[in-house]
Amino acid sequence: MATGARWGMTVPFYDRTLAESRELVAELPALGYTDVWSAEVNGVDGFVPLALAAEWAPGVRLGSAIVPVSTRGPGLLAMSAATLADLAPERFVLGIGASSPAIVERWNAGEFVKPFARTRDTLRFLKKALAGEKVTERYETFEVKGFRLERAPKVPPKIVLAALRPRMLRLAAEEADGAITNWLSPQDVRKVRSEIGPDTELIARLFVCVSEDAEKVRELGRRMLAGYLTVPVYAAFHEWLGRGEVLRPMHEAWAAGDRQTALRAIPDEVVDALIVHGDAATCRARIRQYVDNGLTTPVLAPIPGGGVPISQAVRDLAPTGE
């Protein structure tokens with residue numbers, strides 16, 4: 001692995017609980033992984049895994065990809081970020097994003113309103129709050145009166161934004177410390193990179209299945225892709241990337257309630273473009289294509305079902321395996 005290159009892993013792992021992840025997380029630094037990134041959907045929260053990883057894997061960078069801006073109040077987000085920044089000084093990166101209507105409204109009884117503005121306002125609030133400032137300000141989407149962290153971190157954490165299209169990508173480049181994206185091909189990286197310039201960190205979670213059974217992986221991949229690409233923000237993302245027509249039959253069948261036809265309508269080439277699969281060497285080479293095309297930080301998410309246990313896949317996909 002080239003000096004300075006980043007190689008991340010998603011925690012916890014799909015096949016075990018957070019409590020059962022300690023031993024494998026502790027292996028990551030020796031394997032060559034530089035980063036550990038959490039997620040927050042309907043499993044573990046985005047902060048506790050990173051707090052544990054700070055102890056289990058000293059030295060790795062820790063990041064949230066992502067914590068929604070509308071499921072917590074601004075002050076609570078600042079407190080959580082400050083806690084992680086204190087546990088892992090200069091090693092924690094706060095990733096935030098708009099999330100989706102299902103997560104914000106249906107699951108958390110929040111309001112998914114003006115997602116771009118809410119993300120922008122939260123970013124601006126957090127930059128002030130994490131710098132130790134007392135914040136009294138009316139933003140477009142919320143108002144804060146007199147909030148100040150009891151103990152601001154000595155070094156404020158970097159903040160990166162989930163960004164799928166030009167407007168949010170430009171906000172990430174202009175006001176944040178980087179952009180996080182998801183569900184894209186190595187070729188798509190170039191289009192995303194063109195929106196943020198050469199110097200902004202670009203992070204992406206890459207779903208990887210170590211398996212030479214392509215048909216089995218495609219069957220698994222279609223289920224995953226249907227669950228994501230039918231979400232409006234991801235549908236718009238792939239329209240922008242140029243997949244609108246090829247995905248139209250899937251969207252039409254999904255809208256009609258015909259889930260099986262929708263799954264069958266996802267072409268092999270789309271699955272192969274968006275999910276990394278093959279033997280470990282093939283997967284590592286594919287991940288390198290993302291990096292060569294402008295991805296700064298690949299964050300691997302090994303998925304089960306390929307016949308190779310997750311623990312072995314984590315070891316086989318490590319940059320030290322090259």
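Trainee: In which strand is M9 found?
Mentor: This is a predicted model. The strand that holds M9 spans residues 8-10. M9 is found in β1.

Trainee: Is M9 buried or exposed?
Mentor: The relative accessible area of M9 is 0%. The cut-off for burial is under 20%. M9 therefore counts as buried.

Trainee: What is M9 in contact with, beyond its neighbours within four places in sequence?
Mentor: The partners fall in separate parts of the chain. One set is L28, Y33, D35, V36 and W37. The rest of the list is V299, L300, P302 and V314.

Trainee: How far are the C-alpha atoms of M9 and V299 separated?
Mentor: V299 is one of the contacts of M9. Along the chain, M9 and V299 are 290 residues apart. Their C-alpha atoms are separated by 5.1 Å.

Trainee: Where does R6 lie, and how does its relative accessibility count?
Mentor: R6 lies in the segment before β1. Its relative accessibility is 25%. Buried means under 20% and exposed means over 50%, so R6 counts as partly exposed.

Trainee: Which residues is R6 in contact with, leaving aside neighbours within four places in sequence?
Mentor: D35 is in contact with R6, and D35 is also in contact with M9. The full set for R6 is T34, D35, R61, E201, T296, T297 and P298.

Trainee: How far apart in space are R6 and R259, C-alpha to C-alpha?
Mentor: In sequence, R6 and R259 are 253 residues apart. In space, C-alpha to C-alpha, the value is 38 Å.

Trainee: Which peptide bond leads to P12, and what is its form?
Mentor: P12 lies in the loop between β1 and α1. The bond to P12 comes from V11, with omega near -10°. The form of V11 to P12 is cis.

Trainee: What is omega for the bond that joins A65 and I66?
Mentor: I66 is in the loop between β3 and β4. The bond that joins A65 and I66 is cis. Its omega is about 0°.

Trainee: Is E90 buried or exposed?
Mentor: E90 lies in the loop between α3 and β5. Its phi is near 65°, positive although E90 is not glycine. The relative accessibility is 67%. Exposed means over 50%, so E90 counts as exposed.

Trainee: Is W183 buried or exposed?
Mentor: W183 sits in the loop between β9 and α7. Phi is positive here too, near 55°, in a residue other than glycine. With a relative accessible area of 1%, W183 is therefore buried.

Trainee: At what angle do α6 and α7 pack, and what class does that give?
Mentor: The axes of α6 and α7 are 8 Å apart. The angle is about 55°. That makes α6 oblique to α7.

Trainee: What is the handedness of the crossing of α6 and α7, and how do the contact residues divide?
Mentor: The crossing of α6 and α7 is right-handed. P166, L169, R170 and A173 in α6 meet V192, E195 and I196 in α7. These residues divide into five nonpolar, no polar and two charged.

Trainee: How are α7 and α9 set relative to each other?
Mentor: The axes of α7 and α9 come within 10 Å. They cross at roughly 95°. That makes the two helices roughly perpendicular.

Trainee: Which residues of α9 meet α7?
Mentor: On the α7 side are D188, K191, V192 and E195. By class, the contact has four nonpolar, no polar and three charged residues. The residues from α9 are F237, W240 and L241.

Trainee: What covers the buried residues of α10?
Mentor: The buried residues of α10 are G244, L247, M250 and A253. An α-helix has 3.6 residues a turn, so residues three or four places apart point the same way. The cover includes α8, α9, α11 and α12.

Trainee: What phi does G257 take?
Mentor: G257 comes just after α10. Its phi is positive, at about 85°.

Trainee: What does T122 touch, not counting residues up to four places away in sequence?
Mentor: T122 lies in α5. It is buried, with a relative accessible area of 0%. T122 touches V69, L77, I96 and F142.

Trainee: How far apart are the end C-alpha atoms of residues 17-296?
Mentor: UniProt places "domain: Luciferase-like" here, in an unreviewed entry. Over these residues the chain is 50% helix and 17% strand. The end C-alpha atoms are apart by 29 Å.

Technical notes: Residues numbered from 1 in each chain as written. Predicted model: local features only at pLDDT ≥ 70, side-chain atom pairs only at ≥ 80, totals over all residues. Heavy atoms only, no water. Axes fitted to C-alpha atoms, helices over the stretch in contact; angles between N-to-C directions. Helix = DSSP H or I, 4+ residues; strand = E, 2+ residues; numbered from the N terminus. Parallel < 35°, antiparallel > 145°, perpendicular 65-115°, else oblique. Left-handed = near helix turned anticlockwise from the far one by under 90°. Contact = heavy atoms within 4.5 Å. Nonpolar A, V, L, I, M, F, W, Y, C, P; charged D, E, K, R; others polar. Buried < 20%, exposed > 50% of the residue type's maximum accessible area, 1.4 Å probe, protein only. UniProt positions renumbered as here; feature names shortened; annotations may be inferred.
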